[in-house]
Amino acid sequence: MRTPRTARGAALLASGTVLTTLLAAFPAEAAGLPVVTAAAETAALYDDEAGGNSDADDPAIWRNPADPGRSLVVATAKEGGLRVYDLDARPVQSLPAPQAPGEDDAPGRFNNVDLVSGLRTATGRADVAVVSDRGSDRLRIYRIDPSQPGGPLTDVTDPAAAPVFSAGQTEINDQRTAYGLAAWKDRSTGRTYALVSRRERTRLALLELVPAANGTVGYRKVRTLDLPSSFRLPDGTTWSPCLEPGELPQVEGMVVDPATGTLYAGQEDVGIWRLRADLTGKPVLVDKVKEYGVPGTYDEETEECAPGADPGYGGKRLSADVEGLTLFQERDGDGYLLASSQGDDTFALYDREVSEGNEYEGGFRIGAATDTLDSVEECDGAAVLNAPLGDRYPRGLLVVQDGQETPAVPDGEGGTRTATGFKFVDLGAVVDAAGM
């Protein structure tokens with residue numbers, strides 16, 4: 001979830017001295033990180049009526065086993081539905097979110113997406129994209145088949161799929177609904193699951209994906225778990241993040257390490273949790289945001305929080321919100337957890353090894369490549385695939401959401417249109433720059 005930011009977008013516009021500009025625009029601890037640039041970007045999405053209320057959020061990368069150079073990126077655009085891109089960031093398919101069931105009801109709003117390979121269905125195994133529809137509080141499942149004439153994605157959601165958290169449409173309209181999402185397969189049982197977080201709440205739900213009639217896919221709830229919403233500080237006081245009245249610190253970015261069945265969940269204003277993906281056992285806070293423990297007072301007029309004095313209990317690498325968790329997997333079992341530090345527009349890397357405590361291993365930022373291929377700010381979602389993808393990305397691909405696409409486009413009313421998109425980054429460049 002993007003939060004109000006200070007006006008510094010202009011400092012990030014492309015120039016001939018990109019690195020100098022970046023160093024001046026960020027705090028000292030962030031400025032020391034290496035800078036990589038994107039190889040390509042999607043066309044901007046606009047969150048207004050003319051743009052179909054499209055707002056880039058979360059990507060996933062599907063590797064075409066028959067022809068890796070023709071792999072695809074599946075990405076959410078909130079009310080704008082789903083977008084599918086080729087490796088040149090060109091649009092391949094656009095699928096709308098479901099319409100509102102009634103005039104006063106919330107429309108479909110696709111928030112996060114993840115992929116499952118070889119999911120069992122009544123008509124055989126299939127690769128699918130699983131999407132959290134925040135608007136209807138449901139999951140939607142799309143079969144991936146590039147040979148289909150109408151486009152590679154086909155909706156195979158069981159029509160009987162029930163809301164994940166809400167009791168009915170009235171509750172759905174309050175939009176405390178399905179939000180963050182991570183899919184995973186239990187290697188011991190072969191069963192496939194989706195982990196879903198609840199907007200403005202700390203609850204996580206474990207859903208098993210199950211085959212339904214005619215090749216469709218449904219789900220059943222297995223269990224839920226609530227992460228903490230308040231925290232005991234070393235000085236004996238209790239702290240909760242400052243949010244709008246009635247809100248609790250939510251989770252959005254999530255990823256599961258399939259080798260260990262470990263879930264990493266980003267509680268936006270708190271930090272990164274590590275826990276069992278089956279939602280049993282005790283969660284462990286791997287790292288905290290810098291703002292952890294800082295008191296705040298919510299101002300009804302400005303709709304913002306005024307921070308108090310920092311008691312010094314926060315982390316050193318993540319600036320709220322923590323977003324976009326994804327996993328860089330090495331073939332030998334090593335690798336990294338990557339997290340978007342949205343507050344300072346950087347990316348943090350943590351050791352994948354649980355036994356080593358998921359130690360911090362460094363980070364990077366994505367700067368401007370040219371006058372038109374800009375830097376990345378306020379990143380909401382990220383996906384990495386450490387596998388060859390043809391001649392374009394022989395060492396793999398990182399795709400990230402960009403929360404401030406430039407150049408700015410006037411909205412005709414004296415302002416600018418809200419523009420977002422996705423950046424495609426050569427993973428080999430990240431590995432080299434960050435010393436991975």
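Colleague: Does Q175 count as buried or exposed?
Modeller: Buried means under 20% relative accessible area, exposed over 50%, and partly exposed in between (1.4 Å probe, protein chains only). Q175 comes out at 12% relative accessibility, so the verdict is buried.

Colleague: What kind of model is this?
Modeller: Residues are numbered from 1 along each chain as its sequence is written, and side-chain values use heavy atoms, leaving out hydrogens and water. Local features need pLDDT of at least 70, side-chain atom pairs count only at pLDDT 80 or more, and totals for chains, interfaces and linings use all residues, since the model is predicted.

Colleague: Which helix and strand flank the loop of Q175?
Modeller: Helices (H or I, at least four residues) and strands (E, at least two) are DSSP runs, numbered from the N terminus. The loop of Q175 lies between α3 (169–173) and β12 (178–185).

Colleague: Which residues does Q175 touch?
Modeller: Contact means heavy atoms within 4.5 Å. Residues up to four places away in sequence are not counted. That gives A106, R134, G135 and R199.

Colleague: Does A66 count as buried or exposed?
Modeller: A66 sits in the loop between β4 and β5 (72–76). Its relative accessibility is 72%, so A66 counts as exposed.

Colleague: How far is A66 from R274 in space?
Modeller: In sequence, 208 residues separate A66 and R274. In space, C-alpha to C-alpha, the distance is 35 Å.

Colleague: Which strands stand at the edges of the open sheet β4-β5-β6-β7?
Modeller: The 4 strands of this sheet pair in the antiparallel sense. Two strands pair if DSSP finds at least two bridges between them. Each edge strand has a single partner, so one side is left without a neighbour in the sheet. The edge strands are β4 (59–62) and β7 (91–95).

Colleague: Which residue of β7 stands opposite Y85?
Modeller: β6 (residues 82–85) and β7 are antiparallel, with 4 bridges. Opposite Y85 stands P91.

Colleague: Which residue in the hairpin of β22 and β23 takes a positive phi?
Modeller: β22 (residues 296–299) and β23 (residues 304–307) run antiparallel, joined by 4 bridges. Between the strands lie 4 residues. The positive phi, near 55°, belongs to E303.

Colleague: Within what arc do the buried residues of α4 fall?
Modeller: In α4 (residues 427–434), the buried residues are L427, G428, V430, V431 and A434. They line one face of the helix, because the arc seen down its axis holds them within 160°. That arc is of the directions from the helix axis to the C-beta atoms. The value is 160°.
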